[in-house]
Amino acid sequence: MPFNSSSPRALLLIATLAATAPASLAAQDRPATDDITVTGTALPDESQMTAGPEIAGIISARSGDQVQVTTSDGMRQVVVVTDSTKITSSGGFLGLDRDRLAATSLMNGLPVTMKTMQWSGGLVASQIKLQSKDLKTASMIHAGTDQRFAEQTAATEALRGRVGSIDQYNVKSTTNVNFDTGKAVLSAQAKADLCAAADQAEGMDNALLLVVGYTDSTGSQELNQALSEKRAGQVVNHLQQACGWKPYRMLSPAGMAEADPAADNSTAAGKAQNRRVAVNILVSKAVDGI
């Protein structure tokens, strides 16, 4: 499908936002902010805590001993990692089994499962499990080492936040999937279209995906912003979990609320077109055609 953004400036803004997504954390289940203010008392002894929920998702930000995990439903949970947190891997890492890893292994983009303890100040991780193959991939990308496959250059650039302008990329194609009013549920057709887009991108060297969520003009700006982010999150989850698209080959998703409409919001048909998530296949101009 042709790329149908009505504004190149809007694409520039989206790519810039994707590259500069905040790495700091906010309070649990709230959007990340630029700063963290830690208040309250020191962590109590584990005997004073109760069992918390098990959290499965992808590490989306870190700040000090706090780790933010984005779950499959798009929610963000902030968990404290302590010296007592047991971090384990399975499957062997670089040919070795590692029963315990350092907290520095918890990198952005790494899928994890956490067992937690709960207290008045939030959640504390008692155990964190990860797959060694995921840690190996994340470590190589963050170190910028040779991964011996074509997407390494573009993936490393994205993770290091060097996406400064959409002009650095060629937009190869765009797939739009649509939603019902006020909903963020993917239809069977949308799921099929997303996997088709992932397959198309898989056939391109150095391809990255940029996912952008939108709404129609119904509702307040605040609600539409949250809804557009939730829709984008659902698309990202499906691309990674059902279609097999790797997290390190995806730019940070963006929610644009009712901005940059694809059609006229004064008609029902136009609103239906605007309730969408756009999946853009991008290839860095520096490596396009290599």
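## A first tour of the sheet, the barrel and their links

Strands β7 (residues 207–213) and β9 (residues 276–284) run antiparallel to each other and are joined over 7 bridges. Within this pairing, L210 has N280 of β9 as its bridge partner. Please keep in mind as you look around that this is a predicted model.

The two strands belong to an open sheet of 4 strands, ordered β6-β9-β7-β8, in which the pairing is mixed. Its edges are formed by β6 (169–178) and β8 (254–255), each of which pairs on one side only.

Which helices lie against this sheet? Helix α4 (residues 188–202) lies across β6, β7 and β9, and its direction is at about 165 degrees to β6. Helix α5 (residues 221–241) also packs on the sheet, where it touches β6, β7, β8 and β9 and makes an angle of about 150 degrees with β7.

Next, the other set of strands. A closed barrel of 5 strands follows the order β1-β2-β3-β5-β4, again with mixed pairing. From one strand to the next, the twist averages 55 degrees. To find your way in, try β2 (residues 66–71) and β3 (residues 76–90), an antiparallel pair with 5 bridges. Here V69 of β2 faces Q77 in β3.

Now for the side chains. In soluble globular proteins, nonpolar side chains tend to be buried together. The largest nonpolar core in this model has 21 residues, and V177, L209, V211, V235 and L239 have the most contacts inside it. Two or more residues come from each of α4, β7, α5 and β9. What does L209 touch, leaving aside its neighbours within four places in sequence? The contacts of L209 are A201, L239, W245, R249, M250, L251, V279, N280 and I281. A separate core of 15 residues includes V67, V69, V79 and V112. V69 is thus a residue to pick out twice, once in this core and once opposite Q77.

Side chains of opposite charge can pair when their charged atoms come close. The structure has 2 salt bridges, shown here with the places they join.

| Salt bridge | Closest N to O | Where the residues lie | Separation in sequence |
|---|---|---|---|
| E202 and R249 | 3.4 Å | E202 in helix α4; R249 in the loop between α5 and β8 | 47 residues |
| R275 and D216 | 2.9 Å | R275 in the loop between α6 (268–274) and β9; D216 in the loop between β7 and α5 | 59 residues |

Is R249 buried or exposed? R249 counts as buried because its relative accessible area is 4%, under the 20% cut-off. R249 is also one of the residues in contact with L209. In the other salt bridge, R275 and D216 are both buried.

One more link is worth a look. A disulfide is a covalent bond between the sulfur atoms of two cysteines. The whole structure holds 1 disulfide, formed by C195 and C243 with their sulfur atoms 2.1 Å apart. The link is left-handed, with -85 degrees about the S-S bond. C195 sits in helix α4 and C243 in the loop between α5 and β8, so the disulfide ties together parts of the chain 48 residues apart in sequence. C243 has a relative accessibility of 16% and therefore counts as buried.

The loop between α5 and β8 thus appears in two links: R249 lies there and pairs with E202 of helix α4, and C243 lies there and is tied to C195 of helix α4.

Notes: Residues numbered from 1 in each chain as written. Predicted model: local features only at pLDDT ≥ 70, side-chain atom pairs only at ≥ 80, totals over all residues. Heavy atoms only, no water. Pairing = 2+ DSSP bridges. Contact = heavy atoms within 4.5 Å. Axes fitted to C-alpha atoms, helices over the stretch in contact; angles between N-to-C directions. Salt bridge = Lys/Arg side-chain N within 4 Å of Asp/Glu carboxyl O. Buried < 20%, exposed > 50% of the residue type's maximum accessible area, 1.4 Å probe, protein only. Disulfide = S-S within 2.5 Å. Core = buried A, V, L, I, M, F, W, Y, C linked by side-chain atoms within 4.5 Å.
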